[in-house]
Amino acid sequence: MGSSRRGWVVWLVVGLIIALPIAEVAVLIATGRLIGAWPTIGLMLATSLLGAWLAQREGRRSWAALRRAFAAGRMPTGELADAVLVMIGGLFLMLPGFISDVIGLICLLPFTRPLGRKLLTWLVERAATNRGINLDNLRNQATIMQDPSSVIHGETVPDAQQPPTDDVVIRGEIED
């Protein structure tokens, strides 16, 4: 069952890799017929320059946000998602064509990036769930790691006994 799920995702990605360039060429031809070849080329160059400037600016901002989150000692989940989206947006803006420019701008613009972040979060959660990863446990562990004053309630298990299979045993030393 798991491999059949992964199979359709692979076919979807392959289909998109084939369909995107075809759609890009069709849009470029239609735009060229509508406004002319030189204005179309100029528009493509303008979006590329705008995209490069925007990717650089937003990349600096996301890097600074990552550094602030690490300096504050908190898990930078939103900041990491933004950094990934900025990289994806920059990549799409480097590709020639208007469809990829729209995708890139959605990933790069600060007011549209939350949509991309929601989609990215949904994709990661879906992939984790499909692989049997318990996201609630990961969130709890991340919360404990963020707050060093967290108290972990538990009990000690002597080495001679086998711990129950459904409980987590933490081995270590007790400090006063």
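Visitor: Which helix holds Arg113?
Guide: This is a predicted model: local features need pLDDT of at least 70, side-chain atom pairs pLDDT 80 or more, while totals for chains, interfaces and linings use all residues. Residues are numbered from 1 along each chain as its sequence is written, and side-chain values use heavy atoms, without hydrogens and water. Helices are DSSP runs (H or I, at least four residues; strands are E, at least two), numbered from the N terminus. Arg113 is found in helix 5.

Visitor: Is Arg113 buried or exposed?
Guide: Buried means under 20% relative accessible area, exposed over 50%, partly exposed in between (1.4 Å probe, protein chains only). Arg113 has 6% relative accessibility, so Arg113 counts as buried.

Visitor: Which backbone oxygen lies 2.6 Å from a polar atom of the Arg113 side chain?
Guide: Polar contacts are N or O pairs within 3.5 Å; within protein, one atom must be able to donate a hydrogen and the other to accept it, and residues adjacent in sequence count only through two side-chain atoms. The Arg113 side chain reaches the backbone oxygen of Cys107 at 3.2 Å. At 2.6 Å, the partner is the backbone oxygen of Leu108.

Visitor: Which residues does Arg113 contact, leaving aside neighbours within four places in sequence?
Guide: Contact means heavy atoms within 4.5 Å. The partners of Arg113 include Cys107 and Leu108. The full set is Glu58, Asp82, Leu85, Val86, Ile106, Cys107 and Leu108.

Visitor: At what angle do the axes of helix 3 and helix 5 cross?
Guide: Axes are lines fitted to C-alpha atoms, for helices over the stretch in contact, with angles from 0 to 180 degrees between N-to-C directions. Under 35 degrees is roughly parallel, over 145 roughly antiparallel, 65 to 115 roughly perpendicular, and the rest oblique. Helix 3 and helix 5 are therefore roughly perpendicular. The axes of helix 3 (residues 77-94) and helix 5 (residues 113-130) come within 10 Å and cross at roughly 105°.

Visitor: Which residues of helix 5 meet helix 3?
Guide: Helix 3 offers Gly78, Ala81, Asp82, Val84, Leu85 and Val86. Helix 5 answers with Arg113, Gly116, Arg117 and Leu120.

Visitor: How do the residues of this contact between helix 3 and helix 5 divide?
Guide: Ala, Val, Leu, Ile, Met, Phe, Trp, Tyr, Cys and Pro count as nonpolar, Asp, Glu, Lys and Arg as charged, and the others, Gly among them, as polar. The contact of helix 3 with helix 5 divides into five nonpolar, two polar and three charged.

Visitor: Which helices do the buried residues of helix 3 pack against?
Guide: The buried residues of helix 3 include Asp82, Leu85 and Val86. Gly89, Gly90 and Leu93 are also among them. The buried residues of helix 3 pack against helix 2, helix 4 and helix 5.

Visitor: How far does helix 2 reach from its first C-alpha to its last?
Guide: Expected span is 1.5 Å times one less than the number of residues. Helix 2 (residues 37-71) has 35 residues, with 51 Å expected. Its buried residues include Glu58. Helix 2 reaches 50 Å.

Visitor: What distance separates the C-alpha atoms of Leu20 and Ile99?
Guide: Leu20 is found in helix 1 (residues 2-35). At 22% relative accessibility, Leu20 counts as partly exposed. Beyond four places in sequence, Leu20 contacts Phe92 and Ile99. Leu20 and Ile99 are 79 residues apart along the chain, yet their C-alpha atoms are separated by 8.0 Å.

Visitor: How many helices are there in the protein chain?
Guide: From the N terminus, the elements run α-α-α-α-α-α. Buried residues make up 20% of the 176 residues. There are zero strands, and the helices number six.
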